[in-house]
Number of protein chains: 2
Amino acid sequence: MNSSINLHEYIGEKKDKMVNSIPNLSDIKRAHQRISKYIIHTPIITSNSINEMTGAEIFFKCENFQKVGAFKMRGAINAILSHRPEERVNGFATHSSGNHAQAVALASKIANSKAYIVMPNNAPEVKKNAVKEYGAEIIFCEPNEKSRQETCDRVIADTGAIFIPPFNDYKVIAGQATAAKELIEDTPDLDVVMTPVGGGGLSAGTALIVKYIMPNTEVILAEPKNADDAYRSFKSGQLKTVKNPNTIADGLKVSLGEKNFGIIKEHVKDILLVSEDEIINAMRIIWERMKIIIEPSCAVPLAAVIKNKKRFNGKRIGIIITGGNVDLGNLPF
Amino acid sequence: MNSSINLHEYIGEKKDKMVNSIPNLSDIKRAHQRISKYIIHTPIITSNSINEMTGAEIFFKCENFQKVGAFKMRGAINAILSHRPEERVNGFATHSSGNHAQAVALASKIANSKAYIVMPNNAPEVKKNAVKEYGAEIIFCEPNEKSRQETCDRVIADTGAIFIPPFNDYKVIAGQATAAKELIEDTPDLDVVMTPVGGGGLSAGTALIVKYIMPNTEVILAEPKNADDAYRSFKSGQLKTVKNPNTIADGLKVSLGEKNFGIIKEHVKDILLVSEDEIINAMRIIWERMKIIIEPSCAVPLAAVIKNKKRFNGKRIGIIITGGNVDLGNLPF
């Protein structure tokens, strides 16, 4: 199920060029151009009290205000709009019960295509409704990896839909890179850019664009100690996985993708680990001081800054707030 | 305890002019000039999904991102900076356990003055700490009106501090008016401006500035049914009070002030009532759709729009989001 063989550039490239290589600067610029009218150029927010608390100067890029409430919209819409209209007739498919599901649903709607979303049959009602609201068709599977894969393969075979991977895909990576692109264009002279790392779509995209535009700026990732596959991969040089990790940062439970790891090991300065308590503490600080709703995953980089205060003292740090889709009935406070 | 006799203009007026009359347009403009470098020019946020849901076009002025997390900073800093430096030597006093307490504490600090905050001895720890962080001195009273008044009077007699009323004061009203001033200057052609109504500082200030700058725009207030003193006052033409009302909108539990009522009955188009369930529903919609943290009080105007959908259909509505200081451990969801 390698989606890349289906991917063609739709705007501004030779129509038969296969995009199966690491995005270069023009790829990311074209991605930004392609998606800009369908996404929100999200604001950057600072907090005096968090700056005083950390001794750093932090610029939060608020992708919780993005369409579908998460940066995932960027990668999905880039991957989908890269297909020429005549390629979109059979629609798009993915498996996700999270933000990627909503992103593929909305992006398909924008592309006048059908979306097929494979979801575990125990997915929360609110997630199902969000996807349905965008007009997508949900196909339920058993809540395990095998059923998820088989169901998705079957949907694709039956419908001819094109698979849009959540992160292990260069078009998706190029789309996610546009968040950091806006951040570094809007905020001069950052010393560090940080993202949480899960599958690695955002992390890899961020690492690339920072390297291309601001090569002296460090990219540092942050990860829950309880889902430390990216950390172990990075330190060992070998791609590691994690199975059913127990972390509140539910967006970071997936294992790092192969393409993502290739980029991360090349261009990321370091990966820092934080505990569950540190994540919850940082999440509460952002909610209370900044008055914005963020998912637990977003709090992971701030938790790492607080934990490593000395290392970040006096630095100008950009942090990507990845999303704001939380279950208000089930908060950790 | 009439504070107005202590109030002098500090900037741009004859120094001995008593400000004991309804603020005119220049008063509000001067207030804005006086406070602008100490406050945040807060953003205006819109939500496609809330617009679709209501059939209106709503512009939310986000005072939850204001200093101290609420619009109250505007009135407090205006009242305090209206005093010449030599008048500030004995500090400022108020009674509040809410946002006004934090606002007077921070505004006094900015004015290089001492702040004395009278608080009930059962005030939540988090409220006490917030005030202490700004360097204010807390004086505890029994949790009843009589003790609060007596304690505040004693503090003022002992220290010579100047009382800063929470809402029944023309300097405070002029300061609060600057929120709506920014809203209507940043958002052309609003049909309606809405605020929740409690003591009436924000409502009266909003009513005045809208009348001065955009006289064809309606000002409509919204109030919890369970704390309907402003509604009853407005409909009867006589100032009514409410005692210990049972509403989740804790910022709106106080009774309307006399000066505030004088302005509101003259310049407000209507006051709409909403139930507790309607408030909680609207609060949840704002949290989920806009990803911002707001106090229950802020949800009252949106609740009124949803309840009176037909009346507001197709209108461009500005709503002031009053604050974001909520107890995360005690949410209604």
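In this predicted model, helix H7(A) lies across E1, E2, strand E7 (192–196) and strand E10 (316–321) of chain A, and its direction makes about 145 degrees with E10(A). A second helix, H12 (residues 299–307) of chain A, also packs on the sheet, where it touches E7, strand E8 (218–224), E9 and E10 of chain A. The direction of H12(A) stands at about 100 degrees to that of E8(A).

The sheet beneath these helices is a good place to begin a tour of chain A. It is an open sheet of six strands, and reading across it gives the order E1-E2-E10-E7-E8-E9 (chain A), with mixed pairing. Strand E1 (44–45) and strand E9 (270–274) of chain A are the edge strands, each pairing on one side only. At the E1 end, E1(A) pairs with strand E2 (residues 57–62) of chain A in the antiparallel sense, over two bridges. In this pairing, Ile45(A) has Phe60(A) of E2(A) as its bridge partner, while Ile44(A) is partnered by Lys61(A) of E2(A). On the way to the next strand in the order, E2(A) and E10(A) run parallel and are joined by six bridges. Here Lys61(A) appears again, standing opposite Ile320(A) in E10(A). As a general point, side chains in a regular strand alternate between the two faces of the sheet.

Chain A also holds a second open sheet, this one of four strands in the order E5-E4-E3-E6 (chain A), with parallel pairing. Strand E5 (137–141) and strand E6 (162–163) of chain A stand at its edges; each has a single partner strand, so one side of each is left without a neighbour in the sheet. Strand E4 (residues 115–120) of chain A runs parallel to E5(A), and five bridges join the two. Across this pairing, Val118(A) stands opposite Ile139(A) in E5(A). Helix H6 (residues 145–159) of chain A lies across strand E3 (92–95), E4, E5 and E6 of chain A, and runs at about 160 degrees to E4(A).

The division of the chain into domains gives a wider view. Chain A is split into domain 1 (33–71 + 169–321) and domain 2 (72–163). The centres of domain 1 of chain A and domain 2 of chain A, taken over C-alpha atoms, are 25 Å apart. Their contact draws 20 residues from domain 1 of chain A and 15 residues from domain 2 of chain A. On the side of domain 1 of chain A that touches domain 2 of chain A, H1 and H7 of chain A each supply at least two residues. H7(A) gives the most to this side, with seven residues. By class, this side of domain 1 of chain A comprises nine nonpolar, seven polar and four charged residues.

Helices H1 and H7 of chain A also pack against each other. In general, two packed helices are described by the angle between their axes and the distance between the axes. For helix H1 (residues 25–35) and helix H7 (residues 170–186) of chain A, the angle is about 85 degrees and the axes lie 8 Å apart. H1(A) and H7(A) are therefore roughly perpendicular to each other. From H1(A), the residues Asp27(A), Ile28(A), Ala31(A), His32(A) and Ile35(A) meet Ala174(A), Gly175(A), Ala177(A), Thr178(A) and Lys181(A) in H7(A). This contact of H1(A) with H7(A) has five nonpolar, three polar and two charged residues.

In chain B, helix H1 (residues 25–35) packs with helix H3 (residues 72–81) of chain B at an angle of about 90 degrees, with axes 9 Å apart. H1(B) is thus roughly perpendicular to H3(B). Ala31(B), Arg34(B) and Ile35(B) of H1(B) meet Arg74(B), Ile77(B), Asn78(B) and Leu81(B) of H3(B). The contact of H1(B) with H3(B) is made of four nonpolar, one polar and two charged residues.

Finally, the two chains can be considered together. A turn of 180 degrees and a shift of 0.0 Å along the axis lay chain B on chain A with an RMSD of 0.0 Å. The two copies are thus related as by a two-fold rotation axis. Among the residues of chain B, Ile292(B) comes closest to the rotation axis, with its C-alpha at 2.2 Å. The contact takes 13 residues from chain B and 13 residues from chain A. On the side of chain B that touches chain A, six residues are nonpolar, four polar and three charged. Of the interface residues of chain B, 100% are also interface residues in chain A, so the copies meet through the same surface.

Conventions. Residues are numbered from 1 along each chain as its sequence is written. Chains are lettered from A and ligands numbered from 1 in the order in which they are written. This is a predicted model: local features need pLDDT of at least 70, side-chain atom pairs count only at pLDDT 80 or more; totals for chains, interfaces and linings use all residues. Axes are lines fitted to C-alpha atoms, for helices over the stretch in contact, and angles run from 0 to 180 degrees between N-to-C directions. Angles under 35 degrees count as roughly parallel, over 145 as roughly antiparallel, 65 to 115 as roughly perpendicular and the rest as oblique. Two residues are in contact if their C-beta atoms, placed from the backbone, lie within 7 Å. Ala, Val, Leu, Ile, Met, Phe, Trp, Tyr, Cys and Pro count as nonpolar, Asp, Glu, Lys and Arg as charged, and the others, Gly among them, as polar. Copies are superposed by least squares on the C-alpha atoms of residues with pLDDT of at least 70 in both. Two strands pair if DSSP finds at least two bridges between them. Domain bounds come from an automatic or database domain assignment.
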